[in-house]
Amino acid sequence: MSIVDVATSPTQNPLSDPAPWWRQAAVYQIYPRSFADSNGDGLGDLPGITSKADYLHELGIDAVWLSPFYPSALADGGYDVADYRDVDPRLGTLTDFNAMLHALHTRGIRVVVDIVPNHTSDQHTWFQEALASERGSAARARYIFREGSGPDGALPPTDWVAAFGGSSWEQVPDGQWYLHSFAIEQPDLNWANPEVRDDFLTTLRFWSDRGVDGFRIDVAHMLTKDLTEPLPSQAQLDALPRDGMHPMVDRDDVHEIYAEWRQVFNSYDPPRTAVAEAWVDKARVPLYASPQGLGQAFNFDLLEADFDAGQFETVVRDNLTLAELSGSSSTWVLSNHDVVRHATRYGLPQPGRDETGRPVRKHGVDWVISGGVSPVLDRPAGERRASAATLFMLGLPGSSYLYQGEELGLHEVAEIPAADRQDPTFFRSAGTDLGRDGCRVPLPWETGSDAGSAFGFGTGGSHLPQPGWFSDYTVAGQALDPASSLELYRSALSLRRMLQTDEQLEWIPTGRSEVLRYRRPNGWEIVTNFGTEPYQVDRDDVLLASRALDAGTLPGEATVWFGDLAAN
Ligand code: GLC
């Protein structure tokens with residue numbers, strides 16, 4: 001609930017501010033196929049994003065990060081790129097891209113695009129050339145081709161398992177096999193090949209010349225590989241330490257690539273930014289986030305934590321320390337296009353943990369597999385905790401990454417019929433893992449869904465089916481309702497922009513293990529009650545609260561922000 005009414009429009013275009021914007025930005029992730037559809041083909045597109053530029057401005061975000069919008073056969077939701085320097089014709093044209101960029105820039109919103117360097121689509125001209133060329137050819141040397149094992153090489157070179165299930169190797173008609181760490185349609189590139197390296201520099205310059213402000217680097221820890229024969233088995237790979245010398249992941253030599261990229265980024269004014277998606281041991285994150293490398297890296301620790309004070313405090317302490325080591329700022333994420341939405345995760349029983357503290361299964365996956373039937377989701381509890389967690393996150397120093405639809409308190413959609421599913425994890429696991437379609441269902445903009453209107457997403461239906469309960473979560477239904485999730489996000493983002501000055505954070509003891517309190521610049525304080533018992537607070541200068549305070553007490557599962565705007 002918003003207690004004070006805060007103007008959302010900045011007086012000056014933030015793009016003219018010379019300070020490094022990315023250090024404390026609110027970045028909104030758009031999954032373009034599911035945001036807004038301008039031409040009624042059921043797929044979101046770039047003109048759809050342009051048409052929502054005012055919505056994004058009023059939300060109060062600093063930047064958008066666009067998941068891939070490049071030509072793609074959609075074997076992995078666009079992360080199978082057929083041409084890195086064009087727009088998928090179903091999503092628009094380069095001219096549409098320019099128009100979108102202009103519309104966002106004039107509203108003070110920066111634009112980050114996704115770069116997918118570990119693999120191309122099998123539709124990429126390079127891979128088509130490789131298929132048409134002989135073994136040992138220059139065209140094959142852009143990818144990772146090997147002879148098979150067993151008599152006649154009829155078996156894959158190794159027993160390696162791909163991230164989406166099944167073998168990591170696929171055989172081509174002349175008998176050779178190629179490596180694909182993800183889907184069959186995503187052949188891994190050979191980063192030992194200078195031509196591959198040069199081509200990505202061209203891509204980075206292509207988008208930088210067009211005016212994009214930064215890049216999100218997909219699986220940044222996987223590019224370089226040591227494929228010296230004999231190749232190890234999967235069990236041997238799993239047993240090897242991830243110390244920079246592992247043959248397949250997080251190798252020290254990947255940073256040679258990013259040092260070269262940094263020179264490209266720094267050749268622009270202002271320098272282009274980058275953020276690494278790197279699933280690596282904590283101690284190695286600063287290598288990716290260093291100013292000589294990509295400059296910033298995701299941490300997914302909040303996303304993997306339960307709604308629990310102890311876990312949240314540890315995550316924040318650890319990551320602020322890591323950020324100090326690299327000289328970067330931390331990032332925070334509660335939801336993205338790969339995980340069950342946080343309103344739903346927090347409404348489900350907490351998952352078990354393994355010995356390293358990681359959830360045994362990704363939060364909520366069991367529930368998705370059961371089609372959302374069992375165990376029962378407690379929607380109001382999930383939404384209450386999600387709002388509290390979001391306000392906790394938005395108070396932290398560093399950059400918060402928000403995923404489209406979370407501002408609406410949107411839940412995961414579990415009830416997608418098998419015939420409508422798109423995620424390769426579903427197909428490669430023979431349906432035992434329903435995958436990520438449930439967080440990628442097109443957004444509900446308008447209340448009421450006449451035939452084809454898809455809750456205002458577009459006039460031609462929606463490429464993933466929207467459930468009837470979306471009518472309770474629409475933008476139109478929430479706008480201007482002070483009790484809505486959307487207005488809470490708007491108020492929080494607007495206040496945050498005024499209150500974020502330096503990057504200091506000071507913990508304040510609360511005397512209660514389930515209550516966290518921290519102070520930011522100029523007396524801005526954030527208190528989150530992760531428990532269910534109300535908590536007595538000693539301040540009354542409430543700026544914002546996810547649940548109304550009652551006679552000086554903060555209800556359970558709620559966050560309050562205190563502060564004095566005049567001090568800022
Ligand atoms: C990243 C993306 C995910 C994609 C994978 C392969 O993890 O976030 O969506 O499937 O990389 O590109």
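**Exercise 1. Place Leu74 in the chain, then describe its backbone and its exposure.**

Step 1. Leu74 sits in the loop between strand 2 and helix 3. The model is predicted.

Step 2. Check the backbone. Leu74 is not a glycine, yet its phi is positive, about 60°. Most residues other than glycine have a negative phi.

Step 3. Check the exposure. The relative accessibility of Leu74 is 24%, so Leu74 counts as partly exposed.

**Exercise 2. Do the same for Glu557.**

Step 1. Glu557 is in the loop between strand 16 (553–554) and strand 17.

Step 2. Its phi is near 50°, a positive value in a residue other than glycine.

Step 3. Buried means under 20% relative accessible area. Glu557 has 5% relative accessibility, so Glu557 counts as buried.

**Exercise 3. Locate the cis peptide bonds that precede Pro230 and Pro270.**

Step 1. Recall the background: most peptide bonds are trans.

Step 2. The bond from Glu229 to Pro230 is cis, with omega near -5°. Pro230 belongs to the loop between strand 7 and helix 6 (234–239).

Step 3. The bond from Asp269 to Pro270 is cis, with omega near -5°. Here the loop runs between helix 7 and strand 8 (273–276).

**Exercise 4. Analyse the salt bridge between Asp62 and Arg497.**

Step 1. The side chains of Asp62 and Arg497 meet at 3.0 Å, N to O.

Step 2. Place both ends. Asp62 is in the loop between helix 2 (53–59) and strand 2 (63–66), while Arg497 is in helix 16 (residues 485–499). They are 435 residues apart, and the pair links distant parts of the chain.

Step 3. Compare with the cut-offs. Asp62 has a relative accessible area of 17% and is buried. Arg497, at 28% relative accessibility, counts as partly exposed.

**Exercise 5. Analyse the salt bridge between Glu195 and Arg142, then the helix that holds Glu195.**

Step 1. Glu195 and Arg142 form a salt bridge of 3.0 Å, N to O.

Step 2. Glu195 lies in helix 5 (residues 194–210), and Arg142 in the loop between helix 4 (125–132) and strand 4 (145–146). The separation is 53 residues.

Step 3. Glu195 is partly exposed, with a relative accessible area of 35%. Arg142 is buried, at 9% relative accessibility.

Step 4. Test the length of helix 5. Its 17 residues, at 1.5 Å a residue, should span 24 Å. The end C-alpha atoms are 25 Å apart, which agrees.

Step 5. Find what helix 5 packs against. Its buried residues include Phe200, Leu201, Leu204 and Trp207. The buried residues pack against partners including helix 3 (94–106), strand 3 (110–115) and helix 7 (254–266).

**Exercise 6. Work out the layout of the sheet that contains strands 11 and 15.**

Step 1. The sheet is open, with 5 strands in the order 11-12-13-17-15 and antiparallel pairing.

Step 2. Find the edges. Strand 11 (506–507) and strand 15 (542–545) each pair on one side only.

Step 3. Look at one pair. Strand 15 joins strand 17 (residues 558–562) in the antiparallel sense over 3 bridges. Leu544 stands opposite Trp561 in strand 17.

Step 4. Add the helices. Helix 10 (residues 309–326) lies across strand 11 and strand 12 (515–519), at about 30° to strand 12. Helix 16 lies across strand 15 and strand 17, at about 140° to strand 15.

Conventions:
Residues numbered from 1 in each chain as written. Predicted model: local features only at pLDDT ≥ 70, side-chain atom pairs only at ≥ 80, totals over all residues. Heavy atoms only, no water. Salt bridge = Lys/Arg side-chain N within 4 Å of Asp/Glu carboxyl O. Helix = DSSP H or I, 4+ residues; strand = E, 2+ residues; numbered from the N terminus. Buried < 20%, exposed > 50% of the residue type's maximum accessible area, 1.4 Å probe, protein only. Pairing = 2+ DSSP bridges. Contact = heavy atoms within 4.5 Å. Axes fitted to C-alpha atoms, helices over the stretch in contact; angles between N-to-C directions. Expected span 1.5 Å × (residues − 1).
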